[in-house]
Amino acid sequence: MDAKIKENLLTEFKQKCRDRRLKITPQRTIIYEELINSLDHPSVDILYGRVKKKLPDISFDTVYRTLMTFNTIGIADIVEGINTSKRYDGNTNQHYHFICVKCGAITDITDVPFRFEIPEQIKQKYNPRSVKIFFEGLCGKC
Ligand SMILES: [Zn+2]
Ligand SMILES: [Zn+2]
């Protein structure tokens, strides 16, 4: 992810925290930065391992709860992995995913325009904030 996009995401992160009256703590900021630096859609376990290198005293529970909060305020998406735990995505722009049915790798497909029109009846009834489309198959390594 290039520097400009990261900067915009961090600005959005701070704005959304302010809107929800959430304190912009160093902990939250580091967890968010690690999330947007992780392009592999990490599980809480994996992200916890990465965050712990910067914040050795942080607990698993804090990372878990922080990710849930990020999801609630719309700055992190949950991607359902295959036979794995929930995976998190800091890229909340609409994009496709390719999920490998063998190794569970989740890869972003961002070089293809995202095309899906939410049907009017669904828009009126549920006001959805996003649409997820993923493709399944074997990745290049499998
Ligand atoms: Zn694979
Ligand atoms: Zn993604």
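The exchange below concerns a predicted model, its two domains and its zinc ion.

Biologist: How many residues does the contact take from domain 1 and from domain 2?

Modeller: The protein chain is divided into domain 1, spanning 3-88, and domain 2, spanning 93-137, and the centres of these domains, taken over C-alpha atoms, are separated by 20 Å. Counting the residues on each side of the contact gives 13 from domain 1 and 13 from domain 2.

Biologist: Which element gives the largest share of the side of domain 1 that touches domain 2?

Modeller: The area buried between the domains is about 930 Å², with 53% of that area given by carbon and sulfur atoms, while five residue pairs are in polar contact across it and the count of salt bridges is zero. On the side of domain 1 that touches domain 2, two or more residues come from each of helix 4 (60-72) and strand 1 (77-79). By class, this side holds four nonpolar, five polar and four charged residues. The largest share, three residues, is given by strand 1.

Biologist: How many residues apart in the chain are His-41 and His-95, which both coordinate the zinc ion (ligand 2)?

Modeller: The zinc ion (ligand 2) is coordinated at 2.0 to 2.2 Å by NE2 of His-41, His-95 and His-97 and by OD of Asp-89 and Asp-108, with the donor residues spaced in sequence as H-x47-D-x5-H-x1-H-x10-D. His-41 lies in the loop between helix 2 (26-37) and helix 3 (44-54), whereas His-95 lies in the loop between strand 2 (87-89) and strand 3 (96-100). The pair thus links distant parts of the chain, and the separation is 54 residues.

How values were computed: Residues numbered from 1 in each chain as written. Chains lettered and ligands numbered in written order. Predicted model: local features only at pLDDT ≥ 70, side-chain atom pairs only at ≥ 80, totals over all residues. Heavy atoms only, no water. Domains from an automatic or database assignment. Contact = heavy atoms within 4.5 Å. Buried area = accessible area lost by both parts, 1.4 Å probe. Salt bridge = Lys/Arg side-chain N within 4 Å of Asp/Glu carboxyl O. Polar contact = N/O pair within 3.5 Å; in protein donor to acceptor, adjacent residues only side chain to side chain. Helix = DSSP H or I, 4+ residues; strand = E, 2+ residues; numbered from the N terminus. Nonpolar A, V, L, I, M, F, W, Y, C, P; charged D, E, K, R; others polar. Donors = N, O, S within 2.8 Å, 3.2 Å for Na, K, Ca; no water.
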